[in-house]
Each structure stands twice: as C-alpha cells, then as structure tokens.
Amino acid sequence: MAGTILEKHISEFKAKRIFLRLDLNVPQDAQGNVTDDSRIVASLDTLKLLSDAGARIIIASHLGRPKDKVVESLRLDPVAKRLSQLLGKPVTKLDEAVGPKVEAEIAKLKDGDICLLENIRFYAGEEANDPEFSKELAKLADIYVNDAFGTAHRAHASTAGIAAYLRPALPGLLMEREIEMLGNKLNKPERPFTAIIGGSKISSKISVLKSLVNKVDVLLIGGGMAFTFIKAQGGKVGQSICEDDQLALAREILEAADRQGTAVILPKDTLCIQAGLNIFKNNQPSDKLETQVYKSNQIPDDKEGMDIGPESAQEFAKLILQSRTIVWNGPVGVFEFDSLEHGTRACALALQELTAKGGTTVIGGGDSVAAIEKFGFAKSEFSHVSTGGGASLEFLEGKVLPGIACLDLEQAAC
Ligand code: ADP
Ligand code: MG
C-alpha cells in the first residue's frame, strides 16, 4: 500500500467528506443474506485508510439490476450490516442516495464515520450519466474516490460523471492496483510475454485477440474459440462450437501474428464427448462424462470438443513456465464439469508455479476467476486476480475506461 495515490493525499482527508464509489454488488439468497462477501472484504483496506485519516465517508454502490426504480429486495441494508460487522464499527445506512434527508445525515457525520447511500441504480440519472444527477451527488462531498473497478467500463454518474464536478478524483487502492497490473505491468512486460485466451466464442474476444497479438510473444488459444481457428486452417472440428462467420477474422489474426512474429499455439489434441448431450441443460454427472481424445483437426462428425487434450495441456504448461509475464482470460475447457477441467487446471497450476518463481501472472475474466476458485487456489498464489470481468476484458483490449479516465492518476499513468 505504501506509495499509493491515496497515501500521497492522506493529509488532505481529515474532516473532508469523501464520496467513495465501491463495487458492493454481492450475491444474496432468497432471504437477502449476503452469500459471498468477497467484494465487501476487498473494499476494507481503502475504507480503513480513509476512515483512519479522519475522512467522513459516503459510500455509493449498485446492487443487481433495479432498472431505475426502487426494488425492495435490492436495498443495501444487508450490505451495510455485513460491512459494519467486518469493520467492527457502525455504518449508517441511508434510504436514499440524494436529496435533503441525505444531506442532513451527512452533516451529522464526524471524522472517521461511514455512511452508505441507497442503491445508486434506483435512480434513472445513474446509468444515463445525467449531469444533473452527477451534480447532486457531487454536492454531497469534497473529494471523489473511485474503487469500483468492476464498473469502470461504464460511464455512469457515480463511476465517471461525478468527477466533472468534484476534484480531486482519486483511485482507491483496488482501482490503483488494477491499473498498475492490467495497465502498466502488461504494457511494459518482462519477456517472454504470453497470453492465454479461452472461453466459448471468438466473437466475444475479437478486440482482445487483436490487441494482444501485437503485444505478446506467445498466444495460447484454448476453449471453444480454438475450433474457429482450427477450421480456418482446414481442420475438421466435428460438432465443436465453431463460428463460421468468424473464419475470416481467425485467418486475419493468424496473419497478423505471422507478420509480428507472434507464436500462436492452438491445441494439438482435444478432449471430446458425444455430440448432442447438451450437458448444461441435461444435468449430466460432472465427474463421469465419457470422453475421448482426438487430434484437434480430426474430430469425428459425432463428437464435440470440450477441453484441450493431455498433450496440449502439457505443451501449454511448458510454454507458461518458459514465460516471465502471463495474462490469462478465458478457461481453455468446460471447467464447470470435473471431467472437462483438466486443461484449465493444468494452466492454473503452471501459473501458480510461475508466480512462485517470480514471474508476473495476471488473471482477468469472470469465468477464469471462477475456475481458479473452483480448483481451490488462493488469489495470493497469483500476482493479480482482477476483480472486474467485463472491465478487465475492455482494459486488456486497450480501451479507455471512463471510470479510470476521469481520475487524477498523476504518475500512475496507464
Ligand atoms: P471469462 O468469463 O473468463 O472471460 P468466457 O465467458 O469467455 O470466460 O468463457 C467461459 C465459458 O467458456 C465457460 O462457461 C466454459 O464452459 C466455456 N468453454 C470453454 N471451453 C469450451 C468449449 N470447448 N466448448 C464450449 N464452451 C467452452
Ligand atoms: Mg464469462
């Protein structure tokens, strides 16, 4: 934490009202109990730093998709309760996010006190990034801190618009770390630099593939999207997921790689199941699926490729271990099923080993993070596990994220 932007500003926080945008969008059960509090836990360091510095903290977050109106089940009271337990101090939950009642409550805050505004997405001005709503939010505070990387790719009032009316606008500790790891570290990587790109469809990863192919030394492609590349090279992929309308794009990416001298590694073998089982819908047993291994370009017509094969898993792991910097987005197989998780697990293990040897390993993407959680890895076993699914993908694509562009980043240029 030492040397962070927040720490550099620490002497400015005493008795100041700080509008702190967090991502407290946690899952809840039918009774409204928080079932996974990791996002709340992740925000504690920033909160403690600001509170200990004597700031008066006004937290804003969204929860679920209330679509611009009050939804009783999406009020933030359970979040406030859990946050208060974790902090060991009271968190005043307000039932609105703007207006005179909110202003009156904020006026009562003492140094170090914390209050939580109502679900910011109850207001139409939030997702519309309405300047009037941004001004109303800005009126509540003296300083803006954004620690919600998960929504940094959205230009909403509380994630970006507010910064037009409230300065300084600073990144929280989580946000700064995301910028450092996904931005600075990967823009000036120690080489060899390798990317693993997986997931189901090439169409959802076009921009990230196009961007990374120019940056990395080695591009490992797994998951469903590998079949579009294999078919583009004339291979037979059976009933594996394949996007015929993206074949030209796959060729384009392969040609760009050639020009750049980037090695593109596709899985040489593939673990297949009988086609048409529809395993997600039909509740197939996770650990007892019948599987066969085929060469990836010779998959029979009645088979469907679901994971990279054992030879490819070994090759991917070897190439990972020969790298100094890795970025991973997208599982290389249908890891949700125990019978189809081997390739993804092998990649995760290699990343863990590389981290232990001093390499830099960055994992982004909702399902990639779900995979390492399923395998029981701790986030600390990797250099960085991104907290933002969509946001980390857009960051890797090289896009400017509105929630970051609006901040005063000083030397933490991204
Ligand atoms: P992330 O969220 O990490 O960016 P994606 O959402 O792009 O990842 O893709 C994850 C999904 O891809 C998983 O649900 C996984 O089951 C699926 N997937 C991986 N390999 C295959 C495959 N061979 N065929 C079909 N789906 C696959
Ligand atoms: Mg996903």
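A polar side-chain atom of Glu 336 lies 2.5 Å from an oxygen atom of ligand 1, a good place to start looking at this predicted model. The protein covers 83% of the 580 Å² of accessible area that ligand 1 has on its own. Beyond the ligand, it is worth turning to an open sheet of six strands and to the cis peptide bonds that precede Pro 168 and Pro 192.

**Contacts of ligand 1**

- Glu 336 reaches an oxygen atom of ligand 1 through a polar side-chain atom, at 2.5 Å.
- Lys 205 also offers a polar side-chain atom, which lies 2.8 Å from an oxygen atom of the ligand.
- With Gly 224 the backbone takes part: one of its polar backbone atoms is 3.4 Å from a nitrogen atom of ligand 1.

**The surroundings of ligand 1**

- If you are browsing the pockets, look for ligand 1 in the second largest pocket.
- Two elements each give two or more residues to the shell around the ligand, namely strand 14 (303–308) and helix 14 (366–374).
- Helix 14 provides the largest share of that shell, with three residues.
- In total, 19 residues surround ligand 1, and the closest are Gly 199, Lys 205, Glu 336, Asp 367 and Ser 368.
- Sorted by class, the shell holds eleven polar, five nonpolar and three charged residues.

**The six-stranded sheet**

- Reading across this open sheet, you meet the strands in the order 3-4-2-1-5-6, and their pairing is parallel.
- Strand 3 (92–93) and strand 6 (169–171) form the edges, each pairing on one side only.
- Strand 1 (residues 17–21) and strand 5 (residues 143–146) run in the parallel sense and are joined over four bridges.
- Across from Arg 21 you will find Asn 146, which belongs to strand 5.
- As a general reminder, strands of a sheet pair through backbone hydrogen bonds, either parallel or antiparallel.

**Backbone details in the loops**

- The peptide bond from Arg 167 to Pro 168 is cis, and its omega is near -5°.
- Pro 168 belongs to the loop between strand 5 and strand 6, and strand 6 is one of the edge strands of the sheet described above.
- Another cis peptide bond connects Arg 191 to Pro 192, with omega at about 5°.
- Pro 192 has its place in the loop between helix 8 (173–187) and strand 7 (193–197).
- Asp 68 has a phi near 70°, which is a positive value in a residue other than glycine.
- To find Asp 68, follow the loop between strand 2 (56–60) and helix 4 (77–87).

Definitions and conventions: Residues are numbered from 1 along each chain as its sequence is written. Chains are lettered from A and ligands numbered from 1 in the order in which they are written. This is a predicted model: local features need pLDDT of at least 70, side-chain atom pairs count only at pLDDT 80 or more; totals for chains, interfaces and linings use all residues. Side-chain values use heavy atoms; hydrogens and water are left out. A residue is near a molecule or strand if one of its heavy atoms lies within 4 Å of it. A polar contact is a pair of N or O atoms within 3.5 Å; within protein, one must be able to donate a hydrogen and the other to accept it, and residues adjacent in sequence count only if both atoms are side-chain atoms. Accessible areas come from the Shrake-Rupley method with a 1.4 Å probe; for residues, only the protein chains shown count as cover. On a 1 Å grid over the protein atoms alone, a cavity is a set of points where a 1.4 Å probe fits but cannot get out, and a pocket is an open set with protein on both sides within 12 Å along at least five of seven lines; lining residues have an atom within 4 Å of a point. A molecule sits in a cavity or pocket if more than half of its atoms lie within 2 Å of its grid points. Ala, Val, Leu, Ile, Met, Phe, Trp, Tyr, Cys and Pro count as nonpolar, Asp, Glu, Lys and Arg as charged, and the others, Gly among them, as polar. Two strands pair if DSSP finds at least two bridges between them.
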